[in-house]
Amino acid sequence: MGSGSTSLRSHPGQYAFPGGRIDSGETAAAAAVRELSEELGVHVPPDRVLGRLDDFATKSGYVMSPFVVWIGDDVESIRPNPDEVAHVYAVTLAEIDVDPLFVSDPAVAEPIVQWPFRGALVHAPTAAVLHQFREVVLHRRHTRVAHFGQPVFAWK
């Protein structure tokens, strides 16, 4: 996980996973592998894609298609693209395995999920993906997250 460069047009400075548009003729899994390379300098073969979590439609008009990709244990080899990534976080399984917070907002009909992380809060949609990963991978609980709301600041 990383935080976006403050120079990004969309959602600067927010916690996020590598991502971007799917190129013409490209599968979503291939796009995930390509984005890892472009944003973090991590080059992995397609067989390192271990699985896929649920699509998450954002209020800003995008659909996140999260993939779980094994990059190995060598996080020191990560080379973030400074135009897109301000900071990379090596997150432990213990840090992921925390109960999320659910907050409400009068402008949002659904509960908004937040993930506590190192004294800060990660908001949906990233928090929703992390919550689903925790539930499915760490606890083997069938969990859907597409129904969660997103904070109003993420709608832009």
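Which residue just after α3 takes a positive phi? I started my notebook with that one, and the residue is Arg 140, with a phi of about 55°. Before going on, I note that this is a predicted model.

**Entry: Arg 140 and the backbone oddities**

I looked up where Arg 140 sits, and it is in the segment after α3. Its phi is positive although Arg 140 is not a glycine. I wrote down the background too: most residues other than glycine have a negative phi, and most peptide bonds are trans. I then checked cover, and Arg 140 counts as exposed because its relative accessible area is 75%, over the 50% cut-off.

I went looking for another case and noted Arg 118. Its phi is near 50°, again a positive value in a residue other than glycine. Arg 118 belongs to the loop between β9 and β10.

Where is there a cis peptide bond? I found one running from Ala 124 to Pro 125, with omega near 10°. Pro 125 lies in the loop between β10 (120-123) and α3.

**Entry: helix α3**

That loop took me to α3 itself, which covers residues 126-138, 13 residues in total. I compared its span with the expected one: 17 Å from first C-alpha to last, close to the 18 Å expected at 1.5 Å a residue.

Is α3 mostly covered or mostly open? Mostly covered, I found, with 10 of its 13 residues buried. Among them are Ala 127, Val 129, Leu 130 and Phe 133. I was curious about the polar and charged names, and the buried list also includes His 131, Gln 132, Arg 134 and Glu 135.

I picked Thr 126 for a closer look, as a member of α3. Thr 126 counts as buried because its relative accessible area is 6%, under the 20% cut-off. I also checked what its side chain reaches, and that is the backbone oxygen of Tyr 15, at 3.2 Å.

**Entry: the nonpolar cores**

Next I asked myself which residues of the largest nonpolar core touch the most other members. This core has 16 residues, and the answer is Val 113, Trp 115, Val 122 and Ala 128. The elements giving two or more residues to the core are β9 (108-117) and α3. α3 turned up again here, giving the most to this core, with five residues.

Apart from this core I found another, of 10 residues. Leu 36, Val 42, Val 44 and Phe 67 are among its members.

**Entry: salt bridges**

How many salt bridges does a search of the whole structure find? I noted 11. The background is simple: side chains of opposite charge can pair when their charged atoms come close.

I began with Arg 34, whose side chain meets that of Asp 23 in a salt bridge at 3.3 Å, N to O. The pair links distant parts of the chain, with Arg 34 in helix α1 (residues 28-40) and Asp 23 in the loop between β2 (15-16) and α1, 11 residues apart. Arg 34 is buried, at a relative accessible area of 17%. Asp 23 counts as partly exposed, at 40% relative accessibility.

Arg 34 has another salt bridge, to Glu 26, where the closest N and O atoms are 2.8 Å apart.

I then turned to Asp 54 and Arg 144, whose closest N and O atoms are 2.7 Å apart in their salt bridge. The two are 90 residues apart, Asp 54 in the loop between β3 (49-52) and β4 (56-57), Arg 144 in the segment after α3. I checked cover for both: Asp 54 is buried, at 19% relative accessibility, whereas Arg 144 is partly exposed, at 47%.

Last on this topic, I noted that salt bridges sharing partners join Asp 23, Glu 26, Arg 34, Glu 35 and Glu 38 into one network.

**Entry: at the surface**

I looked for nonpolar side chains on the outside. Leu 101, Val 103 and Leu 121 form a nonpolar patch on the surface, with about 200 Å² of accessible area together. Leu 101 is in strand β8 (residues 101-105) and counts as partly exposed, at 38% relative accessibility.

I closed with Gly 20, in the loop between β2 and α1. Gly 20 counts as exposed because its relative accessibility is 53%, over the 50% cut-off. I also looked up its separation from Arg 52: 32 residues in sequence and 16 Å in space, C-alpha to C-alpha.

Note on methods. Residues numbered from 1 in each chain as written. Predicted model: local features only at pLDDT ≥ 70, side-chain atom pairs only at ≥ 80, totals over all residues. Heavy atoms only, no water. Helix = DSSP H or I, 4+ residues; strand = E, 2+ residues; numbered from the N terminus. Expected span 1.5 Å × (residues − 1). Buried < 20%, exposed > 50% of the residue type's maximum accessible area, 1.4 Å probe, protein only. Polar contact = N/O pair within 3.5 Å; in protein donor to acceptor, adjacent residues only side chain to side chain. Salt bridge = Lys/Arg side-chain N within 4 Å of Asp/Glu carboxyl O. Patch = residues over 30% accessible without salt bridge, like charges linked within 9 Å, V, L, I, M, F, W, Y side chains within 5 Å. Areas by Shrake-Rupley, 256 points an atom, 1.4 Å probe, with all protein chains shown as cover. Core = buried A, V, L, I, M, F, W, Y, C linked by side-chain atoms within 4.5 Å.
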